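Here is a note for a colleague who is meeting this structure for the first time. The points below can be read in order, with the model open alongside.

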Amino acid sequence: MRARTPAALALLVVLAACSNEDRPADLQPDGPPPSSSSDGDAPSGGTLDDPIVVEPEAAILDWQDSGLDAGARYVRGPEWEAVGDEAGTEVELTRDGDAVTVQAGVGRTISEVLMSETWAVVVRQDKAETAPSEVVTVDLSSGEQGEVVSPAAASGGSWALVDGDLRFPTYGDDRAYCLATSALADSNGEDGWCAPERSGFSGLTANEHGVGIMTFDDARPVACRTVNLLDAGGVPQPLEGPADCTGWDVAATADGAVWSEVPKPRRQEEARFHASADGGYFDLGPGTTGSAVPCGDSVFFVRDPQGPDEPARLMRWTPDRTLEVAYESASVGNAFLGEPVCGGGVLSLSSFGEEGDELVWASVG
């Protein structure tokens, strides 16, 4: 629900709050053609040291105009849509004449809005960031509101919702920064893994294939970042593939994962994306940190213009191990996309540029 800004990117590396102490240039990248798997259905990938460079294909989704200004707080789902005001004081969820309004309340601002096919979650954050966040749930089958009371949600942080399972940050013993889970249907919440002292986590993603999380320490001048998938016990397990301390985005797929690495520590907005699948590895090319989102059957990420005559693009890594261009901005050169938002298999996207801004949505197959 937020447009990408430098401040938002910088937020990911503010470590104090998580301490226990207080389109390539021509769409034809060089490299060998993808190898094929034994059944010929999908490329099998390369090795860890020599991944297959994937050639993008144009496969633009059927985008619809939301009727809202680009950058507006917006999440579209299969039936419902959520629209928040600019001041963060309320969110209205609507569906064919039905409406549910959630107010931030005194001293609070709406920091997160998440949606799956069956649930919506609105997070009311304390403006002073001294009190826990309040979490309002909406059962989309009935419009009935509820709350996540326990564990108490930390102020800010990274959130993820898939189906009826919500994952969010909380504080454990001795102010340890922990990952909580709540099953919204029965209000059953529980603490989970806690980050070691002087470390934290961010970049939560979740889908039917798993939960991705980026962990980091407080090393100076640049934190050491590790991308992980949670194991069956809810403990982060580092991916095999990313270079040490360079990971940022991560999302699970049916046969592996998608992740990004930042090759230049002082250019943290610029990353290179990769994927693994059944032991094979793929180079997906450049992208923007903090933009990866699983939606429907795929993982999407943003690619800024790769030259003055290039548009901004939304890239899609599919279950067939193909890389597609799912969206292109009308503007070239000076153009960028906001962070894509997924609501139960529907993707919403803001686009900005000299040829005009737009906020659009599309269903993902």
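How many helices and strands does the protein chain have?

1. The protein chain has one helix and 31 strands, where helices (H or I, at least four residues) and strands (E, at least two) are DSSP runs, numbered from the N terminus. The model is a predicted one, in which local features need pLDDT of at least 70 and side-chain atom pairs count only at pLDDT 80 or more, while totals for chains, interfaces and linings use all residues. Residues are numbered from 1 along each chain as its sequence is written, and side-chain values use heavy atoms, with hydrogens and water left out.

2. Of the 365 residues in the protein chain, 52% are buried, a term that stands for under 20% relative accessible area, with exposed meaning over 50% and partly exposed in between (1.4 Å probe, protein chains only). The chain exposes about 16300 Å², of which carbon and sulfur atoms supply 45%; accessible areas come from the Shrake-Rupley method with a 1.4 Å probe, and for residues only the protein chains shown count as cover.

3. One open sheet is formed by five strands in the order β1-β23-β22-β21-β20, and its pairing is mixed; two strands pair if DSSP finds at least two bridges between them. At the edges stand β1 (52-53) and β20 (247-252), each with a single partner strand, so one side of each is left without a neighbour in the sheet. Within this sheet, β22 and β23 run antiparallel and are joined by eight bridges, and His274 stands opposite Asp283 in β23.

4. The second largest pocket has a volume of about 300 Å³, and the elements that give two or more residues to its lining are β22 (270-277) and β23 (280-288). A pocket here is an open set of points on a 1 Å grid over the protein atoms alone, where a 1.4 Å probe fits, with protein on both sides within 12 Å along at least five of seven lines, and lining residues have an atom within 4 Å of a point. Grid points are joined across faces, edges and corners, and the volume is the space filled by probe spheres set on the points.

5. The lining of this pocket consists of 14 residues, of which Glu270, Ala271, Pro286, Gly287 and Gln306 lie nearest its centre. By class, the lining has four nonpolar, three polar and seven charged residues, with Ala, Val, Leu, Ile, Met, Phe, Trp, Tyr, Cys and Pro counted as nonpolar, Asp, Glu, Lys and Arg as charged, and the others, Gly among them, as polar.

6. An open sheet of four strands has antiparallel pairing and the order β16-β17-β18-β19, and its edge strands, β16 (199-207) and β19 (236-238), each pair on one side only. Seven bridges link β16 to strand β17 (residues 210-217) in the antiparallel sense, with Val211 in β17 as the bridge partner of Ala206.

7. Two hairpins also deserve a look. Strand β10 (residues 133-139) and strand β11 (residues 144-153) run antiparallel and are joined by six bridges, and Ser133 stands opposite Ala153 in β11. This hairpin has four residues between the strands, and Gly143 takes a positive phi near 80°. Another hairpin joins β4 to β5 through four residues; strand β4 (residues 73-76) and strand β5 (residues 81-84) pair in the antiparallel sense over four bridges, and the bridge partner of Val75 is Ala82 in β5.
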